[in-house]
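User: I have not worked with this structure before. Could you take me through it?
Analyst: Certainly; please have the view open as we proceed.

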Amino acid sequence: MSRAELTRRTGLSRSTVKDLVEELAEHRLIEETRPAASAQVGRPSPVVRPHPSMLAIAVNPEVDSLTVGLVTLGGNVLEVTKRATPGVLTAEQTVDLAADMIDRLRSRLEPDCTVTAVGVAVPGLVHAAGSTIRLAPHLDWHDARIGEMMGAATGLPTFAANDANLGAIAEHIFGQHANAEHMVYVNGGAGGIGAGVVVAGQLFDGAAGYAGELGHTFVGGAKQCHCGATGCLETEVSQSQTFEKDSSVRASTVERQAHYLGIALGNVVNLLNPGLVVLGGFLRVFPSVAATALDEAIARHSFRAPGEMLRIVPASLDADTLMIGAAELAFAPLLANPAALYHQRVNGDHAGERDDQRVGLDRLE
Ligand SMILES: [Zn+2]
């Protein structure tokens, strides 16, 4: 974005923007470059962008793998390493393996790079303020203090949040979606289904960060869910069924799953009136392979007025959605108060806990 555009969007004076830009550039949080030559009359405004050496580490534990990525301020994914795990790892094993992967990653970085923090995207109920996992059912984690543990193992401030909430943040800020102010991101992972809700441009994650458990809303049927209830969306729609190896049953299975997903989304439509539903993870394939079944079920289970205005699209950041969302969580304190974090870093302090500050979605690109 040009400095002139920054002035226009913030409503600040040109001299204030110049001072702020210079201060942030001094802290290496942003950089200014000359724009490419244009036909414009007069001196072109310098282009301001996040500094490419300002980095965060993203971590995503799943039931069958652990993924660690390196992401720049501004959502550019530089590197992703996914390790298959022999089974479900405990929180302690996850921290050990992640710390080892992060060490390797950091050892290859240029000396002028700064890793600010770690963001962890967890398939489960995460108490946002304390970065504590209250329950990750598929990982069998209970009250795991992942923020504290990862912080101690890596020496980096660590923040954790629900994976779908972080996916919603990533798709909202960096996704290629027109009009994503009222958006629901639905994440399909190996460990289940969750949703992240954006209302009027802000993440709606409930009183403590537990909102969006779409996988455990009732869609019908009598199958027992691992959560204790019956007829949850997760009992009818799962990654293993979607990618059923036998192609003769795969088509009908996907159709049936689209039907159940449509029932859940119909409820979402009636409750929240979103303009956009973004399907991520294994659910990405549904708009292309089962659009009719999905649309029919949504139409049958929602009012026509909000149903008609709904657009359903696959996640636009591909497999990087959760990496970018987790990094954005890690960058949140820095974005809220760049100077304070800079001084903290210089003094060698780090906070293992996140205060009660929510991730801002009103980033300027
Ligand atoms: Zn359930």
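Analyst: One term is needed at the outset: a salt bridge is a side-chain nitrogen of Lys or Arg within 4 Å of a carboxyl oxygen of Asp or Glu. Please also note that this is a predicted model. The side chains of E5 and R9 meet in such a salt bridge, at 3.5 Å from N to O.

User: Where do E5 and R9 sit in relation to each other along the helix?
Analyst: Both belong to helix α1, and because they are four residues apart there, about one helical turn separates them.

User: How many salt bridges does the structure hold?
Analyst: The structure holds twelve salt bridges.

User: Changing topic, into which domains is the chain divided?
Analyst: Domain 1 covers 3–50, domain 2 covers 54–165 + 320–364, and domain 3 covers 177–315. In the contact between domain 1 and domain 2, nine residues come from domain 1 and ten residues from domain 2.

User: How much area do domain 1 and domain 2 bury between them?
Analyst: They bury about 800 Å², with 69% of it on carbon and sulfur atoms. Of the area that domain 1 buries against domain 2, 60% is supplied by H27, R28 and L29, more than by any other three residues.

User: Which residue forms a salt bridge with R28?
Analyst: R28 pairs with D112, and their closest N and O atoms are 3.4 Å apart. Between domain 1 and domain 2 the count is one salt bridge.

User: Which helices supply at least two residues each of the side of domain 1 that touches domain 2?
Analyst: They are α1 (3–10) and α2 (14–26). The largest share, three residues, comes from α1. By type, the residues on this side of domain 1 are four nonpolar, two polar and three charged.

User: And the chain as a whole, how many helices and strands are there?
Analyst: The protein chain has 13 helices and 15 strands. Along the principal axes, its C-alpha atoms fill a box of roughly 65 × 50 × 40 Å.

User: What radius of gyration does the chain have, against that of a compact globule?
Analyst: The protein chain has 21 Å, which agrees with the value near 21 Å for a compact globule of 365 residues.

Note on methods. Residues numbered from 1 in each chain as written. Predicted model: local features only at pLDDT ≥ 70, side-chain atom pairs only at ≥ 80, totals over all residues. Heavy atoms only, no water. Domains from an automatic or database assignment. Contact = heavy atoms within 4.5 Å. Buried area = accessible area lost by both parts, 1.4 Å probe. Nonpolar A, V, L, I, M, F, W, Y, C, P; charged D, E, K, R; others polar. Rg over C-alpha atoms; globule rule 2.2 N^0.38 Å.
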